[in-house]
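Hi there,

Here is the structure I promised to pass on to you. Have it open while you read, and my notes on what turned up in it follow below.

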Amino acid sequence: MVDPATISAAMTAAASAIGLIDKIADQIKRYLTKAPAAKVPREYRLKIEGKKDTLVAQYDGKVLQTITAKDLEKLPESQLRHVQTYENSMKNHYKVWSKVYPQLANMDSPVSKARVEAQLDEVIAGMKKDLNGILSFLENCGLHLDDHYIEIRQLVNQA
């Protein structure tokens, strides 16, 4: 049987990591598709959040699925521990992204813009494995992914 502390840590890490994906998804999409920024932030239909000791997937505000600590007991301990590694790595990528991405809007020089874009490309490349790992973990927990989670996975994998 898996240690309850490991399950709790995995639940917390998954919730934190999905929160990071939610924060960065629109920016990555804009960057990769070269789409203009929306005047009003897009509201996603599917939202996954950590609430106490559960992961809750809501679709249009209605609870669609709930994953509890008991559900995570079915997963191998190594997978539960590894989601924490993905979360830590995503935090590091997010720190870099949040410092570099805003600079892109202020670039007048093509050389400076190319440098910033190269940094962003590196962050996306580094984030690819982590993002896929987190989303796969959620799927292994039994969550059905849709909406921006699928879209961002496809964009990052194609980048």
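**Starting at a loop**

Let's begin with Lys-34, which is found in the loop between H1 and S1. Before going further, please keep in mind that this is a predicted model. Lys-34 comes just after H1 and takes a positive phi of about 60 degrees. Why does that deserve a second look? Most residues other than glycine have a negative phi. Lys-34 is a residue other than glycine, yet its phi is positive. Is Lys-34 buried or exposed? Its relative accessibility is 55%, so it counts as exposed. Its charged end sits over the ring of Tyr-31, 4.3 Å from the ring's centre.

Asp-60 also has a positive phi, of about 55 degrees, although it is not a glycine. You will find Asp-60 in the loop between S2 and strand S3 (62–68). With a relative accessible area of 44%, Asp-60 is partly exposed, because exposed means over 50% and buried means under 20%.

**The aromatic rings**

From Lys-34 we can step over to the rings. A pair of aromatic rings is described by the distance of the centres and the angle of the planes. The count here comes to two aromatic pairs. In one of them, Tyr-31 and Trp-97 meet edge-to-face, at 6.1 Å centre to centre and with 85 degrees between the planes. This pair links distant parts of the chain: Tyr-31 belongs to helix H1 (residues 4–33) and Trp-97 to helix H3 (residues 77–100), and the two are 66 residues apart. Both Tyr-31 and Trp-97 are buried.

Trp-97 and Tyr-101 form an aromatic pair that is stacked, with 5.2 Å centre to centre and 10 degrees between the planes. Ring pairs thus link Tyr-31, Trp-97 and Tyr-101 into a cluster. Trp-97 has 0% relative accessibility, so it counts as buried. Tyr-101 is buried too, with a relative accessible area of 16%.

**The nonpolar core**

Which residues touch the most other members of the largest nonpolar core? They are Ile-21, Leu-72, Trp-97, Phe-137 and Leu-138, in a core of 45 residues. The elements that give two or more residues to this core are H1, strand S1 (46–51), strand S2 (54–59), H3, H4 and helix H5 (148–158). H1 provides the largest share, 13 residues.

Ile-21 is a good residue to click on. Leaving aside residues up to four places away in sequence, Ile-21 touches Met-90, Leu-131, Ile-134, Leu-135, Tyr-149 and Ile-152.

Have a look at Glu-87 as well, which is in helix H3. Glu-87 is buried, with a relative accessible area of 9%. Apart from residues up to four places away in sequence, Glu-87 touches Ala-13, Ser-16, Ala-17 and Leu-20.

**Two helices with bends**

H1 has 30 residues and reaches 42 Å from its first C-alpha to its last, close to the 44 Å expected at 1.5 Å a residue. H1 bends by about 45 degrees at Ile-24.

Helix H4 (residues 110–140) has 31 residues and spans 44 Å from first C-alpha to last, close to the expected 45 Å. Where is the kink in H4 centred? It is centred on Met-127 and comes to about 40 degrees. H4 is followed by Gly-142, whose phi is positive, near 110 degrees.

Enjoy exploring!

Best wishes

Definitions and conventions:
Residues numbered from 1 in each chain as written. Predicted model: local features only at pLDDT ≥ 70, side-chain atom pairs only at ≥ 80, totals over all residues. Heavy atoms only, no water. Helix = DSSP H or I, 4+ residues; strand = E, 2+ residues; numbered from the N terminus. Expected span 1.5 Å × (residues − 1). Bend = angle between axes of the 7 residues up to and from the residue. Phe/Tyr/Trp six-rings, centres within 6.5 Å; stacked < 30°, edge-to-face > 60°. Buried < 20%, exposed > 50% of the residue type's maximum accessible area, 1.4 Å probe, protein only. Lys NZ or Arg CZ within 6 Å of the ring centre and 35° of its normal. Core = buried A, V, L, I, M, F, W, Y, C linked by side-chain atoms within 4.5 Å. Contact = heavy atoms within 4.5 Å.
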